[in-house]
Amino acid sequence: MEAIVERVGGVDVGQATVVATVLVGAAHERARKETRTFRTVTRELLALREWFLAKGVTHVAMEGTGIYWRPVYELLEDAFDMILGNAHHIKNVPGRKTDVKDSEWLADLARHGLIAKSFVPPKPFRRLRELLRYRRKLMESRTAERNRLLKLLETANIKLARVASNVFGVSGRLMLQALLDGGATPAAMAALAQGIVGGSMPWPLIGVGVLLGIAMILVSHDLGVMAETCDRIAVVYAGQIVEEADTKTIYDAPRHPYTRSLMLSVPTLEGPRRRLMSLPGAPFDLRGEPVGCRFAERCPIAEDKCRRETPPLVVVRPGHVSRCHFALDPRAMQFEAVVGA
Ligand code: SF4
């Protein structure tokens with residue numbers, strides 16, 4: 001059979017060594033053969049590359065088995081036309097007993113165009129693929145650990161998953177920490193809910209009622225679910241109810257900056273595109289003695305008074321309360337202008 005590549009290399013890659021054969025010869029003549037062995041350290045692989053270049057090699061064939069071929073491939077791919085063969089197909093050919101024979105065989109097959117090239121994505125895609133595979137593995141590990149914890153909670157008859165829509169959200173994790181610390185009462189647990197707590201019962205009973213299993217309650221950060229499900233909503237921040245009203249009022253006329261931040265963090269389907277709001281800073285540290293407004297460090301309209309004086313629950317109108325010094329002040333209504341929403 002007539003050759004189609006005049007200068008070709010065949011590489012048999014092992015864990016410790018790489019055996020390479022170069023075949024050089026015009027299509028109609030018998031090729032001259034030279035074989036060398038290199039160790040798989042980078043310095044020697046670069047020497048392999050230099051040797052191929054010195055021999056005028058244009059194509060290099062190798063088998064794609066395991067992972068050992070990868071570093072060799074990476075160091076050669078920008079200088080040669082790489083032919084990565086399916087190891088299964090090549091191995092089906094009898095008569096190969098040694099690494100030297102393997103490399104000769106690979107070079108000979110490639111010289112005659114008999115190796116079907118496996119597709120190897122370009123380097124940037126390979127990097128991205130590695131990253132995504134690693135990410136998926138991490139996600140799977142995380143899910144497995146979470147499931148293990150949920151099972152443990154169920155085994156211990158701790159019904160956290162029934163009262164928190166996301167046991168591993170901010171509220172759920174605070175509750176888990178409280179469980180680990182020990183001595184948490186149902187009321188203290190309920191007070192750890194961050195975000196929105198809603199239900200169809202008066203707010204002072206929300207936490208206790210749920211944890212005793214005597215009322216339906218929803219704990220969530222999902223504003224859509226809350227709007228659909230609840231008659232009344234209490235917005236909770238750092239273990240305190242900061243605003244409470246019927247669902248329509250909370251969505252149409254919120255009077256607390258935290259509630260307004262939550263509303264501005266949700267994309268709308270109508271109107272011009274706008275930047276979604278995110279709160280700067282970290283959640284309030286509940287371990288110290290709280291002084292002033294717990295939301296002050298993250299509130300875009302905070303003033304000195306907010307850090308000095310703890311705001312009371314102010315009645316905005318019957319059935320609507322807000323824990324903000326400025327709940328009845330027009331400044332509270334200008335929140336969107338301040339944050340540029
Ligand atoms: S009391 Fe001050 S810091 Fe707290 S929410 Fe109102 S404006 Fe913001």
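**Buried helices, two cores and a ligand shell**

In helix α12, the buried residues are Pro-257, Tyr-258, Thr-259, Arg-260, Ser-261 and Leu-262, where buried denotes 20 or more other C-beta atoms within 10 Å of a residue's own, exposed 12 or fewer and partly exposed anything in between, with C-beta atoms placed from the backbone. Helices (H or I, at least four residues) and strands (E, at least two) are DSSP runs numbered from the N terminus. The model is a predicted one, in which local features need pLDDT of at least 70 and side-chain atom pairs count only at pLDDT 80 or more, while totals for chains, interfaces and linings use all residues. Residue numbers start from 1 along each chain as its sequence is written.

Pro-257 also belongs to the surroundings of the ligand, together with residues including Cys-293, Phe-295, Cys-306 and His-325; a residue is near a molecule if its C-beta atom, placed from the backbone, lies within 6 Å of it.

Turning to helix α7, Ser-171, Gly-172, Leu-174 and Met-175 are buried. These buried residues fall within an arc of 160 degrees seen down the axis, so they line one face of the helix, the arc being that of the directions from the helix axis to the C-beta atoms. On the other side, Gln-177, Leu-180 and Asp-181 are exposed. Gly-182 follows α7 and has a positive phi, near 85 degrees.

The largest nonpolar core (buried Ala, Val, Leu, Ile, Met, Phe, Trp, Tyr and Cys residues joined through C-beta atoms within 7 Å) has 25 residues, of which Val-11, Val-18, Val-60, Ala-61 and Ala-110 touch the most other members. Strand β2 gives the most to this core, with five residues. A second, separate core of 18 residues includes Val-236, Cys-293, Phe-295 and Cys-306.
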